[in-house]
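Visitor: I have a model open and want to go through its contacts. Can you walk me through them?
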Amino acid sequence: MLLAVLIILVIGAGAYAGYLAYNVNKTINDAGTDQPVASGQEANVKPLSMLLLGTDYRPETGTHLSDVIMVIAMNPQTKSATVVSLPRDTRVSMDGYKTNKINAFYPNFLAAEKKSGESAEEEMKTMMSKFFDLDIDYVTVLNFQGFREVVDALDGVDVNVDKDMCYKDTADGTDINLKQGEQHLDGKQALDYVRYRKSNCSPKTDASDDFDRNRRQNEVLHALIDQAKSLNGVLGASKAIQSLGDNMTTDLEQGQIKNMIAAYWNISKEDVHFMPITGDWKSPYVYLHDDELEAAKQALQDELAGKTVQSADDTAASASSNE
């Protein structure tokens, strides 16, 4: 979901810079910081890493749980990126932090900002750097409202819904009602698709777990890349970029965002490698598989070093062919 920030800015703005110049610059100036980029740290020169958070904030809820947690490593030489996603119920137990679900840390940091003197975004970047044994350069937060608006601005997204999904919650206005099969989803429906977990309808539809959600997030991101390249994507890119500016928080410098556009405007979805980490559910936590976590850490390091990185799907296909 959060990779859409980069994909839409990069593909939309990079390919159609003349048409979008005003809106791109306005969004960059609104979202990015006005600090200069240090020499040699430019995104079109140096591989970078970023923490991407998707919060459940919508006007209906007012909450800030980070239901999407991704770390992305990008390399301008290979024109590729590796995206590692974590289940929202991942158990985090580290020195200096109270054991908790990973999605609870960001709202807790937000609540403590005035007392700690540290921004919630910076606290999350520090914590996740320790978690992944990686110096994370930047952090970007996109809320669910922004995701909905971006998909609508691109005139929807084509998705093969893997099962019937039905869930209703009058408290926050959730009304998920999707049917299995290939279809064109608007922003609300796309958000429903990636968020769906369980059913309270009659008859009930099959439940999903965090791993299903991460898989669907990656699926929708891939579809958004295709949609951004379509005619509707071109026509809607200006509105999509404005939606990002209204719903995004980042510590990227204004100049660095422009560097990223220059470096990755023609990245293809085949060069975006997704590595969701799975684990075992033992209420109330997901306990990550250690081997997958270590493989993900190595994949991020390899991406930054310019080495070939295989996505989870590539690895599975390779193992199958060797059987």
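Guide: We can take the salt bridges, the pocket, a hairpin and the aromatic pairs in turn; note that this is a predicted model.

Visitor: How many salt bridges are there?
Guide: The structure holds 15 salt bridges.

Visitor: Start with Arg213. Which side chain does it meet in a salt bridge?
Guide: Arg213 meets Asp67, at 3.9 Å from N to O. The two come from distant parts of the chain: Arg213 is in helix 8 (residues 210–229) and Asp67 in strand 2 (residues 66–75), 146 residues apart.

Visitor: Are those two buried or exposed?
Guide: Arg213 and Asp67 are both buried.

Visitor: And Asp89, what does its side chain pair with?
Guide: Asp89 forms a salt bridge with Arg197, 2.9 Å from N to O. Asp89 sits in the loop between strand 3 (80–86) and strand 4 (91–92), while Arg197 is in the loop between helix 7 (187–195) and helix 8, so the bridge ties together parts 108 residues apart in sequence.

Visitor: Buried or exposed, for Asp89?
Guide: Asp89 is buried, at 2% relative accessible area. Arg197 has 25% relative accessibility and so counts as partly exposed, since buried means under 20%.

Visitor: What about Glu294 and Lys297, how far is N from O there?
Guide: Their salt bridge is 3.5 Å, N to O. Both residues are in helix 11 (residues 290–305), and because they are three residues apart, about one helical turn separates them. Glu294 is partly exposed at 45% relative accessible area, whereas Lys297, at 13%, counts as buried.

Visitor: Which residues do shared salt-bridge partners join into one network?
Guide: The network consists of Asp67, Arg88, Asp89, Lys101, Arg197, Asp210 and Arg213.

Visitor: Switching to pockets. How much space lies in the largest one?
Guide: The largest pocket holds about 320 Å³. It is lined by 14 residues, and those closest to its centre are Arg88, Tyr167, Arg195, Arg197 and Arg213.

Visitor: Which elements give two or more residues to that lining?
Guide: Strand 8 and strand 9 do.

Visitor: And what is the lining made of, by class?
Guide: Nine of the lining residues are charged, four are nonpolar and one is polar.

Visitor: Back to strand 8 and strand 9. In which sense do they pair, parallel or antiparallel?
Guide: Strand 8 (residues 165–169) pairs with strand 9 in the antiparallel sense, over five bridges. Lys168 stands opposite Asp175 in strand 9. The two strands form a hairpin with four residues between them, and Gly173 in the turn has a positive phi of about 80°.

Visitor: Which residues of strand 9 are on its covered face?
Guide: In strand 9 (residues 174–178), Thr174, Ile176 and Leu178 make up the covered face, and Asp175 and Asn177 the uncovered one. Side chains in a regular strand alternate between the two faces of the sheet.

Visitor: Last topic, aromatics. How many pairs?
Guide: There are four aromatic pairs. In one of them, Tyr97 and Phe105, the ring centres are 6.3 Å apart and the planes lie at 80°, so the pair is edge-to-face.

Visitor: What about Phe105 and Phe109, how do their planes sit?
Guide: That pair is tilted, with 45° between the planes and 6.1 Å from centre to centre. Both residues lie in helix 3 (residues 105–111), four residues apart, about one turn of the helix. Phe105 counts as buried at 5% relative accessibility, and Phe109 counts as buried at 13%.

Visitor: Which residues form one aromatic cluster?
Guide: Tyr97, Phe105 and Phe109 do.

How values were computed. Residues are numbered from 1 along each chain as its sequence is written. This is a predicted model: local features need pLDDT of at least 70, side-chain atom pairs count only at pLDDT 80 or more; totals for chains, interfaces and linings use all residues. Side-chain values use heavy atoms; hydrogens and water are left out. Buried means under 20% relative accessible area, exposed over 50%, partly exposed in between (1.4 Å probe, protein chains only). Two strands pair if DSSP finds at least two bridges between them. A salt bridge is a side-chain nitrogen of Lys or Arg within 4 Å of a carboxyl oxygen of Asp or Glu. On a 1 Å grid over the protein atoms alone, a cavity is a set of points where a 1.4 Å probe fits but cannot get out, and a pocket is an open set with protein on both sides within 12 Å along at least five of seven lines; lining residues have an atom within 4 Å of a point. Grid points are joined across faces, edges and corners, and a volume is the space filled by probe spheres set on the points. Ala, Val, Leu, Ile, Met, Phe, Trp, Tyr, Cys and Pro count as nonpolar, Asp, Glu, Lys and Arg as charged, and the others, Gly among them, as polar. Rings of Phe, Tyr and Trp (its six-membered ring) pair if their centres lie within 6.5 Å; planes under 30 degrees apart count as stacked, over 60 as edge-to-face and the rest as tilted.
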